[in-house]
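Biologist: I should like to learn how the surroundings of a bound ligand are read from a model. Please take the general idea first and then the case at hand.

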Amino acid sequence: MTDSLLDSLRAAVPDLRLKTDAGDLEHYGRDWTRRWTPNPLAIALPGSVEEVQAVMRWAAQRQVRVVPSGGRTGLSGGAVAADGELVMSLERMNKALAFDRVDRTLTVQAGMPLEAVHNAAREHGLEYPVDFAARGSCSIGGNIATNAGGIRVIRYGNTREWIAGLKVVTAQGELLDLNRALVKNSSGYDLRQLMIGSEGTLGIVVEATLRLADPPPPTNVMLLALTSFEGLMEVFAAFRERLRLEAFEFFTDIALRHVLAHGAVKPFDEVYPYYVVTEFAVGDQDSEAAAMAAFEACMEAGWVADGVISQSDAQAQQLWRLREGITESLAPYVPYKNDVSVRISQMPAFLEQTQALLGQAYPHFEVVWFGHIGDGNLHINVLKPEQMAQADFVRDCEQVTKLLAQALKAHGGSISAEHGIGLVKKPYLDSTRGPAEIALMRGIRKALDPQGLLNPGKLFDP
Ligand code: FAD
Ligand code: MLT
Ligand code: ZN
């Protein structure tokens with residue numbers, strides 16, 4: 001059955017590169033969640049838009065389900081293929097296609113790694129400002145499909161802000177050319193925006209035209225040690241008031257312990273319960289004095305106990321590693337990840353309730369808190385004890401997530417701030433979106449993909 005299906009694919013798209021080795025099926029069938037056993041039909045690696053279209057026409061004819069796949073750094077199971085789907089990997093479509101100096105746009109193929117996009121923009125003296133630790137492996141297509149956030153949202157916003165145009169292949173194999181990089185286009189529904197964050201359920205992004213920003217100003221990085229969680233939002237307010245912040249990220253002592261065990265350099269002799277890494281514009285005496293004034297004001301108020309400011313690019317990188325190395329250092333524990341958000345103004349009340357809730361709910365598990373506190377986005381990672389079976393561990397954590405979802409609903413927050421719903425958060429979508437809204441989302445999916453072939457079972461069940 002599988003052989004004859006793949007033979008028909010080879011006949012329909014003769015030059016298509018296909019992988020079917022067991023190692024490849026495993027490699028391309030999973031993402032960073034490592035929760036599901038990969039079991040794809042095969043891996044298609046198209047080299048052109050026409051090949052993507054031809055594969056989708058074949059899939060529509062044969063009713064074959066397709067999982068669009070980028071760098072598979074996703075943390076919600078969005079790119080998982082565990083049920084005989086065809087994986088459509090965009091990794092061969094990884095080139096920059098055009099730069100326009102007047103429009104200040106860069107057009108790229110969807111499989112281009114984020115870091116390569118950064119480098120291509122810099123070659124033209126400009127910046128693609130969305131950034132986070134998976135930059136070397138994740139693809140721009142995956143970033144668009146998840147509306148990725150990262151460490152500079154506080155200054156530049158999410159991926160959505162930077163997409164001027166998209167080319168998307170539909171489930172029937174049609175090619176949509178959405179918005180064509182127009183700045184103004186008031187001609188009806190903006191399907192480009194609909195595609196952003198759709199997690200591969202509405203179409204396959206094949207090309208993107210990205211807006212580029214001015215190069216960032218010279219910056220300094222500061223690491224702050226905090227004595228209490230309550231002071232965190234106060235420190236944020238004090239720094240935001242005085243400085244042009246490029247990033248404001250937080251983590252706990254447990255996170256620091258894991259990153260240090262993973263080779264990072266210890267910042268202070270003493271151990272403190274909470275830390276902040278912040279990056280801000282400098283370049284003149286006024287801004288440097290403002291940074292010192294913010295630091296001293298927070299020391300005087302008793303919110304900050306110690307601090308260090310980078311004296312070189314190498315030291316700035318060292319400080320950033322303390323925050324950016326967390327995900328990798330926790331990976332061996334197959335963490336159960338929550339990625340939640342509330343409005344920034346709701347953060348203190350939400351933190352108080354969540355801390356109390358998780359303190360009671362997780363007395364036996366190690367819980368690591370970190371995240372983009374300046375965006376109202378918390379990452380709460382629960383580490384699996386070595387001897388515990390993964391299914392039991394996930395079941396226990398799901399009980400707590402139900403309570404967390406209720407708290408989020410009460411505070412008007414989101415169960416997925418930036419990682420997407422995928423398979424992981426599917427049971428909790430209704431804590432963030434109302435029934436009428438979910439019904440409309442299903443209707444939109446049905447209109448674009450009537451046979452339900454694109455990434456089935458992700459975001460919601462059919
Ligand atoms: P994949 O994992 O391959 O896919 C993700 C989803 O997009 C899936 O649903 C998939 O079907 C769909 N998809 C992929 N390509 C396409 C396409 N061309 N067309 C249509 N659908 C497609 N995320 C953040 O937002 N902020 C962070 O700070 C952050 N930090 C991270 C740090 C680390 C160390 C790691 C491992 C992950 C981090 N992530 C972060 C999560 C992840 O990197 C992002 O979600 C990223 O956008 C996924 O890109 P990808 O190419 O790996 O996508
Ligand atoms: C991060 O902010 O580091 C990422 O979103 C990754 C994670 O949550 O593990
Ligand atoms: Zn994050």
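The dialogue below treats the ligands and the metal site in turn.

Modeller: This is a predicted model, in which local features need pLDDT of at least 70, side-chain atom pairs count only at pLDDT 80 or more, and totals for chains, interfaces and linings use all residues. Residues are numbered from 1 along each chain as its sequence is written, chains are lettered from A and ligands numbered from 1 in the order in which they are written, and side-chain values use heavy atoms, with hydrogens and water left out.

Biologist: Which residues come nearest to ligand 1?

Modeller: A residue is near a molecule if one of its heavy atoms lies within 4 Å of it. Around ligand 1 there are 35 residues, of which Pro68, Gly71, Arg72, Thr73 and Ser139 come nearest.

Biologist: Which polar side-chain atom lies 3.1 Å from an oxygen atom of ligand 1?

Modeller: A polar contact with a ligand is a pair of N or O atoms within 3.5 Å. The side chain in question belongs to Asn455. In addition, a backbone N or O atom of Gly70 lies 2.8 Å from a ligand 1 oxygen, and a side-chain N or O atom of Glu418 is 3.1 Å from a nitrogen atom of ligand 1. Taken alone, ligand 1 exposes 980 Å², and the protein buries 96% of that (Shrake-Rupley method, 1.4 Å probe).

Biologist: Which residues coordinate the zinc ion?

Modeller: Donors are N, O and S atoms within 2.8 Å of the metal (3.2 Å for Na, K and Ca); water is not among the atoms, so sites may look incomplete. Here the zinc ion (ligand 3) is coordinated by His372 (NE2), His379 (NE2) and Glu418 (OE), at 1.9 to 2.1 Å. Along the chain, these donors follow the spacing H-x6-H-x38-E.

Biologist: Are His372 and Glu418 buried or exposed?

Modeller: Buried means under 20% relative accessible area, exposed over 50%, and partly exposed in between (1.4 Å probe, protein chains only). His372 is buried, at 3%, and Glu418 is buried as well, at 11%.

Biologist: Which residues surround ligand 2?

Modeller: Among them are the zinc donors His372, His379 and Glu418, together with Thr327 and His419. A side-chain N or O atom of Thr327 is 2.7 Å from an oxygen atom of ligand 2. Polar side-chain atoms of Glu418 and His419 lie 3.0 Å and 2.7 Å, respectively, from an oxygen atom of this ligand. Ligand 2 taken alone exposes 260 Å², of which the protein buries 88%.

Key:
A polar contact is a pair of N or O atoms within 3.5 Å; within protein, one must be able to donate a hydrogen and the other to accept it, and residues adjacent in sequence count only if both atoms are side-chain atoms.
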